[in-house]
Amino acid sequence: MGGTVVERALHIVVLDRSSVGEDVSVEPLKKYGEVTFHMTTKDEEAAERVKDADIIIVNKTPMNADTLDGASHLKLICEFATGFDNVDLDYCRKRGIPVVNVVNYSTAAVAQHTIACVLYILEKLRYYDDYVKSGAYGSQPRFSHFGLPYSELDGKTWGIVGMGNIGRKVAAIAEAFGCRVICFSASGRGGCTDYEQVDFETLLRESDVLTLHCPLSDRTRNLIDLEALKKMKKTAILVNVARGAVVNEADLCTALQENWIMGAGIDVLSREPIDPGNPLLQIQDSSRLLITPHMAWASVEARTRVVTETCRNIEAFLRGEARNVVNP
C-alpha cells in the first residue's frame, strides 16, 4: 500500500548571524524552511554545519571545496553582503549552485559616513569638543575659541576614486557643499560622464578632499602609497571607505607624521579586526586621524535591507528566477 511522499522541508543554515547585528530581526527567514542560526563560524566548523543545508546564508566564512563537498543537498548560497570574495565561484558553478548577493543596500549609509569623516577631520571637532568639556572654554574671557583653524568645503576640489553608486552619492553631496568634483577610474573603464574625469596625477595634485569607493583589485591594491601621498596637498583630507589594502597603512602613518597631508578618516583596514601592531595606532590625535571599525555600511536601515533583500533572493530562487546571481 503506497503512502504519500512528504517533501523534505528546506534546511537553511545561517553561518554569520552576527554580521547583521542582533538588533535586526532575522525572523523573516523562517518562512522558507527550518533555519539554524550560528552567530559566527570558524573555517574549520563550516563543513559540519552545512552538510545538510539546502540554502546557506553567509558573509565571511569560506565557501569552497573544503567546506562544501559534503553538502550534497545544497541548492543556493546567499551572501549577507555585496562582496563574495569568500566564495569559490568556479566550484559553485561546476556544481550548479547559484551564489546571490545583496546590492546597493548601504549606499546611503556609506556616503553619510564619508561626509561625517570629512567634517570631523576638517572642523577639528574632537579638539573643540574636548576644549569645552575640559573646562578651558568656561574659564576663558572671550565668547569664542578657534585655536585650530579650519576651512570651508565651498570652493574646494573633491576627488573620488570609484564612481559606483556610493561614489556618485558622495559626489552629489560634495556638489551640494559647493565643491568641484573630479574623479579617477582605477579600472580604466570609467563610464561616468556627469563629473570631470582626470588622470591619477591630477587627482592627487588637485584634491582638497580625496575619498575612496573602489573595489580591491590588482590595480587598486596600495593605490595610495608613499609616492601618491607625497603628491597630495599638505592641506588634503583622505577618506578610505573602500577596502583596507587600497591604502598602504605604514605609508599613511608616515604621511601623517611628516605632515604630508592634513588628516585621514579610515573605516577599513588591511586586517580586520585591526592588528594591534598596525602602525596607524601610533597616531592618537583624533584631529588628524579618525579610525572606525568597518561600520560605515552598518546603519540600522542598511542592515535591515540586507535581511529583506536576502529574503527576496530566496523567493526569486524558489520561483525559478535568477536574481542577483554572481556566478551565472
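# Chatting through a predicted model

Reader: Starting with a charged one: is Glu 309 buried or exposed?

Author: Glu 309 is buried, with a relative accessible area of 14%. The cut-off for buried is under 20%, so Glu 309 makes it. Keep in mind that this is a predicted model.

Reader: OK, and which side chain does Glu 309 meet in a salt bridge?

Author: That would be Arg 312, at 2.6 Å from N to O. The two sit three residues apart in helix 11 (residues 300–318), so about one helical turn separates them. Arg 312 itself is partly exposed, at 42% relative accessible area.

Reader: Why would they pair up at all?

Author: Side chains of opposite charge can pair when their charged atoms come close.

Reader: How many salt bridges does the structure hold?

Author: It holds 20. Another one joins Lys 30 and Glu 27, whose closest N and O atoms are 3.1 Å apart. Both partners are partly exposed: Lys 30 has a relative accessible area of 42%, and Glu 27 comes in at 45%.

Reader: Which residues are linked in a network of salt bridges?

Author: Arg 180, Glu 196, Arg 205 and Glu 206. Within that group, the side chains of Glu 206 and Arg 180 meet at 2.8 Å, N to O. Glu 206 lies in helix 8 (residues 200–206) and Arg 180 in strand 7 (residues 180–184), so this pair ties together parts that are 26 residues apart in sequence.

Reader: And how accessible are those two?

Author: Glu 206 counts as partly exposed at 23%, and Arg 180 does too, at 33%.

Reader: What does Thr 157 touch, leaving out residues up to four places away in sequence?

Author: Arg 180 and Glu 206 again, plus Ile 182, Ser 207, Asp 208 and Val 209. Thr 157 lies in strand 6 (residues 157–161) and counts as buried at 9% relative accessibility.

Reader: How far apart are the C-alpha atoms of Thr 157 and Val 209?

Author: They are separated by 6.6 Å, although the two residues are 52 apart along the chain.

Reader: New topic: the greasy middle. How many residues has the largest nonpolar core?

Author: It has 51. The ones with the most contacts inside it are Leu 29, Ile 55, Ile 57, Phe 80, Trp 158, Met 163 and Ile 314. Helix 4 (residues 107–122) gives the largest share, eight residues.

Reader: So where does this core lie?

Author: Between two domains, because both give residues to it: domain 1 (11–104 + 300–319) and domain 2 (106–291).

Reader: You listed Ile 314. What is Ile 314 in contact with, apart from neighbours within four places?

Author: Leu 29, Tyr 32, Ile 55, Ile 57, Leu 76 and Cys 78. There's also a second, separate core of 33 residues, which includes Phe 184, Leu 238, Ala 255 and Trp 260.

Reader: Which residues of helix 10 are buried?

Author: Ala 255 is one of them, and the others are Glu 249, Asp 251, Leu 252, Cys 253 and Leu 256; the helix runs over residues 249–257. What covers these buried residues includes helix 9 (226–230) and strands 10 (237–240), 11 (263–266) and 12 (289–291).

Reader: What happens at the ends of helix 10?

Author: At the N-terminal end, Asn 248 acts as a cap: one of its side-chain oxygens lies 3.2 Å from the backbone nitrogen of Ala 250. Just after the helix, Asn 259 takes a positive phi of about 60°.

Reader: Zooming out, what does the secondary structure come to?

Author: 11 helices and 12 strands. The protein has 328 residues, and 48% of them count as buried. Its C-alpha trace spans about 95 × 50 × 35 Å along the principal axes. Of the contacts between residues at least 6 apart in sequence, 63% join residues at least 24 apart.

Reader: Last one: how confident is the predictor, and where does pLDDT stay under 50?

Author: The mean pLDDT is 95, with 97% of residues reaching 70 or more. Residues 1–6 are the stretch that stays under 50, and the model has zero contacts for them beyond four places in sequence. Where pLDDT is low, the predicted coordinates should not be read in detail.

Terms used: Residues numbered from 1 in each chain as written. Predicted model: local features only at pLDDT ≥ 70, side-chain atom pairs only at ≥ 80, totals over all residues. Heavy atoms only, no water. Core = buried A, V, L, I, M, F, W, Y, C linked by side-chain atoms within 4.5 Å. Buried < 20%, exposed > 50% of the residue type's maximum accessible area, 1.4 Å probe, protein only. Helix = DSSP H or I, 4+ residues; strand = E, 2+ residues; numbered from the N terminus. Domains from an automatic or database assignment. Contact = heavy atoms within 4.5 Å. Polar contact = N/O pair within 3.5 Å; in protein donor to acceptor, adjacent residues only side chain to side chain. Salt bridge = Lys/Arg side-chain N within 4 Å of Asp/Glu carboxyl O. pLDDT = per-residue confidence, 0-100.
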